[in-house]
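Visitor: I'd like a close look at just one part of this chain. Could you pick up from my question once the structure is on screen?

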Amino acid sequence: MGVKGCDRNGCENVMCDRCSNKYGYICSDCFEELHMLLQEIKIKKGLKMQHSDMSIKEFMESKKEEKDSKDLNEVFPFKD
Ligand SMILES: [Zn+2]
């Protein structure tokens, strides 16, 4: 296929430029979200914890919220 589809659950973005051997491809949207999530976890745990594989795995399996694309549809409505 050659399409670097994002491996985040529910994400249909392609042409991802980030790839993990463990978790597969991730698009910049999901990467940003993951990064924010990991920052949050780090703050909660007192900055001592490194990125844990567990939280990355959970993130990749968590369903991507579609509110962004909904907002986009409202601004640029698609014609049927
Ligand atoms: Zn994605």
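Visitor: Is Ile-26 buried or exposed, and why?

Guide: Keep in mind that this is a predicted model. Ile-26 counts as buried because 25 other C-beta atoms lie within 10 Å of its own, and the cut-off for calling a residue buried is 20 or more.

Let's place Ile-26 first. The chain has three helices and two strands, and along the sequence they run β-β-α-α-α. Ile-26 sits in strand β2, which covers residues 24-26. Of the chain's 80 residues, 14% count as buried, and Ile-26 is one of the buried ones.

Now for the company Ile-26 keeps. Leaving out residues up to four places away in sequence, Ile-26 touches Cys-6, Asp-7, Arg-8, Cys-16, Arg-18, Ser-20, Phe-31 and Leu-34. Take Asp-7 from that list: 19 residues separate Asp-7 from Ile-26 in sequence, yet their C-alpha atoms are 5.9 Å apart.

Some of those partners turn up again in the largest nonpolar core, which has eight residues: Cys-6, Cys-11, Cys-16, Tyr-25, Ile-26, Cys-27, Cys-30 and Leu-34. Both β2 and α1 supply at least two residues each to this core. As a rule, nonpolar side chains in soluble globular proteins tend to be buried together.

Next door in sequence is Cys-27, also part of that core. Setting aside neighbours within four places, Cys-27 is in contact with Cys-6, Cys-11, Asn-13 and Cys-16. Cys-6 and Cys-16 are also among the residues that Ile-26 touches.

Follow the chain on and you reach helix α1, residues 28-44. Its 17 residues should span 24 Å at 1.5 Å a residue, and the end C-alpha atoms are indeed 24 Å apart, so the two values agree. Just after α1, Gly-46 takes a positive phi of about 80°.

For contrast, look back at Met-15, in the segment before β1 (18-20). Met-15 counts as exposed because it has 11 C-beta neighbours inside 10 Å. Met-15 also has a positive phi, about 60°, although it is not a glycine. Most residues other than glycine have a negative phi.

One last number, for the chain as a whole: among contacts with a separation of 6 or more, 29% come from residues 24 or more positions apart.

Conventions: Residues are numbered from 1 along each chain as its sequence is written. This is a predicted model: local features need pLDDT of at least 70, side-chain atom pairs count only at pLDDT 80 or more; totals for chains, interfaces and linings use all residues. Helices (H or I, at least four residues) and strands (E, at least two) are DSSP runs, numbered from the N terminus. A residue is buried if 20 or more other C-beta atoms lie within 10 Å of its own, exposed if 12 or fewer, and partly exposed in between; C-beta atoms are placed from the backbone. The expected span of a helix is 1.5 Å times one less than its number of residues. A nonpolar core is a set of buried Ala, Val, Leu, Ile, Met, Phe, Trp, Tyr and Cys residues joined through C-beta atoms within 7 Å. Two residues are in contact if their C-beta atoms, placed from the backbone, lie within 7 Å.
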